[in-house]
Amino acid sequence: QVQLVESGGGLVQAGGSLRISCAVSRSIFTINVMGWYRQAPGKQRELVAQITNGGSTNYADSVKGRFTISRDTARNTVALQMNSLKPEDTAVYYCGAYRPPNYWGQGTQVTVSA
């Protein structure tokens, strides 16, 4: 069993930055892949970024060069630094454990105003 708790969402203007974080209830070394996903109104949930327990990362094309996923293995947290935000980044962002995810957090709202 894994509990995931996201934090750090909010409202930001286009071009701004936000950092969201996911607290994981056990060692992230025991989870092969941690990921950030997002779901906008009326759309399917989509992968944003992933990080493996070996530290490899993968990004959706739409966020490459703007978003960075990272982990803190001492604190068992996974973060998503989002820069140069666009209105189309507006969504509920979810943390997911494993691939495909078997566990989800409750989500955190990110709203980017034009």
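Where is Ser84 found? In this predicted model, Ser84 sits in the loop between β8 and β9. The backbone of Ser84 adopts a positive phi of about 50 degrees, although Ser84 is not a glycine. With a relative accessibility of 41%, Ser84 counts as partly exposed. A second non-glycine residue, Tyr98, has a positive phi of about 80 degrees. Tyr98 belongs to the loop between β9 and β10 and is buried, its relative accessible area being 18%. The loop between β9 and β10 also holds Pro100, and the peptide bond leading from Arg99 to Pro100 is cis, with omega near -5 degrees. Most residues other than glycine have a negative phi, and most peptide bonds are trans.

The loop between β8 (77-82) and β9 further contains Lys86. Lys86 is partly exposed, at 35% relative accessibility. When residues up to four places away in sequence are left aside, Lys86 touches Arg66 and Val112. The C-alpha atom of Lys86 is separated by 9.8 Å from that of Ser17, although the two residues stand 69 residues apart along the chain.

The structure holds one disulfide. This bond is formed by Cys22 and Cys95, whose sulfur atoms are 2.2 Å apart. Because Cys22 is located in strand β3 (residues 18-24) and Cys95 in strand β9 (residues 91-97), the pair ties together parts that are 73 residues apart in sequence. The torsion about the S-S bond of Cys22 and Cys95 is about -80 degrees, so the disulfide is left-handed. Both partners are assigned to the buried class: Cys22 has a relative accessible area of 0%, and Cys95 one of 1%.

Strand β5 (residues 46-52) includes Gln50. Gln50 is buried, with a relative accessible area of 6%. A polar contact of 3.2 Å links the side chain of Gln50 to the side chain of Arg99. Arg99 is also the residue from which the cis peptide bond runs to Pro100. Beyond the four places on either side in sequence, the contacts of Gln50 comprise Val33, Met34, Gly35, Tyr37, Ser56, Thr57, Asn58, Ile69 and Arg99.

Strand β5 also contains Glu46. Glu46 is partly exposed, at a relative accessible area of 36%. With residues up to four places away in sequence excluded, Glu46 touches Trp36, Tyr37 and Arg38. For Glu46 and Trp36, ten residues apart along the chain, the C-alpha atoms are separated by 8.8 Å. The side chains of Glu46 and Arg38 are joined by a polar contact of 2.7 Å. Tyr37 is among the residues touched by Glu46 and also among those touched by Gln50.

Glu46 and Arg38 both take part in the lining of the largest pocket. About 170 Å³ of space lies in this pocket. Of its 13 lining residues, the closest to the centre are Arg38, Ala40, Lys43, Glu46 and Glu88. The lining of the largest pocket divides by class into two nonpolar, four polar and seven charged residues.

An enclosed space was also identified, the count of cavities of 30 Å³ or more being one. The volume of the largest cavity is about 40 Å³. Its lining is made up of Ile28, Ile31, Met34, Ile51, Thr52, Asn53, Arg71 and Val78. Five of these lining residues are nonpolar, two are polar and one is charged. Met34, a member of the cavity lining, is also in contact with Gln50.

Thr108 is part of strand β11 (residues 108-113). Thr108 is buried, with a relative accessible area of 10%. A polar atom of the Thr108 side chain lies 3.1 Å from the backbone nitrogen of Gly9. Outside the four places on either side in sequence, Thr108 touches Glu6, Ser7, Gly8, Gly9, Ile20, Ala91, Val92 and Tyr93. Val112, one of the residues touched by Lys86, falls within the range of strand β11.

Conventions
Residues are numbered from 1 along each chain as its sequence is written. This is a predicted model: local features need pLDDT of at least 70, side-chain atom pairs count only at pLDDT 80 or more; totals for chains, interfaces and linings use all residues. Side-chain values use heavy atoms; hydrogens and water are left out. A disulfide is a pair of cysteine sulfur atoms within 2.5 Å. Helices (H or I, at least four residues) and strands (E, at least two) are DSSP runs, numbered from the N terminus. Buried means under 20% relative accessible area, exposed over 50%, partly exposed in between (1.4 Å probe, protein chains only). On a 1 Å grid over the protein atoms alone, a cavity is a set of points where a 1.4 Å probe fits but cannot get out, and a pocket is an open set with protein on both sides within 12 Å along at least five of seven lines; lining residues have an atom within 4 Å of a point. Grid points are joined across faces, edges and corners, and a volume is the space filled by probe spheres set on the points. Ala, Val, Leu, Ile, Met, Phe, Trp, Tyr, Cys and Pro count as nonpolar, Asp, Glu, Lys and Arg as charged, and the others, Gly among them, as polar. A polar contact is a pair of N or O atoms within 3.5 Å; within protein, one must be able to donate a hydrogen and the other to accept it, and residues adjacent in sequence count only if both atoms are side-chain atoms. Contact means heavy atoms within 4.5 Å.
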